[in-house]
Amino acid sequence: MSLLICGIANPRGEGDDYNGLHLKDSEIDEVVQAREMIGLPVKIEHKGIGIGTVVSAFKDGDGRLNCVMEINRDEVEGAIAQEWIHDSTASELSLGYVVDIEQSDPAVLQAVSGKPLRAGRKKILEVSIVRKGAREGCRIYSHAKKVIEQDHGKDWREAFGI
């Protein structure tokens, strides 16, 4: 069995003149359009095995990167994550990614950006369910309620005490 959860994985992106480790708005657009997040592993606190995968990613009206994740509840780690999500022990999301750092002639780069190093391409590796994320507003906002197992063999009158 699996659990679908939705959440904000990254807040509004930075402007195109930004030179740093966070995602730019245009990079969020690229990630969504190229479907780069589809199939990425979902982990707990950036550790261990994947407990699920990203099945969809989109940019909302506020420019935030959202994703839909499918968690495998048949594995013990996925079942633990489900309980943590339901009781809000872990209710935030965090992206795991790497950033290429470009270094060139310091005089050239300093003339362009005022800094000798430039953040290059960012590659998202995974999405983690965490207790406290590094970025403000990255949270799980939707998940299925606990599944209540029902015996459908009972008569409906018995189920309602009639």
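Me: In which sense do strand β2 and strand β3 pair, and over how many bridges?
Reply: This is a predicted model, in which local features need pLDDT of at least 70, side-chain atom pairs count only at pLDDT 80 or more, and totals for chains, interfaces and linings use all residues. Residues are numbered from 1 along each chain as its sequence is written, and side-chain values use heavy atoms, with hydrogens and water left out. Strands here are DSSP runs of E of at least two residues, and helices runs of H or I of at least four, numbered from the N terminus, while pairing requires at least two DSSP bridges between two strands. Strand β2 (residues 41-44) and strand β3 (residues 47-59), with isoleucine 44 opposite lysine 47 in β3, pair in the antiparallel sense over three bridges.

Me: Which strands stand at the edges of the sheet?
Reply: The sheet is open and mixed in its pairing, with seven strands in the order β5-β6-β2-β3-β4-β1-β7. Because each has a single partner strand, one side is left without a neighbour in the sheet for both β5 (92-103) and β7 (140-143).

Me: Which element gives the most to the largest nonpolar core?
Reply: A nonpolar core is a set of buried Ala, Val, Leu, Ile, Met, Phe, Trp, Tyr and Cys residues joined through side-chain atoms within 4.5 Å, buried meaning under 20% relative accessible area with a 1.4 Å probe, protein chains only. The largest has 26 residues, and Met37, Met69 and Ile129 have the most contacts inside it. Among the elements that give two or more residues to this core are α1, α2 (76-86) and β6, but the one that gives the most, with four residues, is β4.

Key: Buried < 20%, exposed > 50% of the residue type's maximum accessible area, 1.4 Å probe, protein only.
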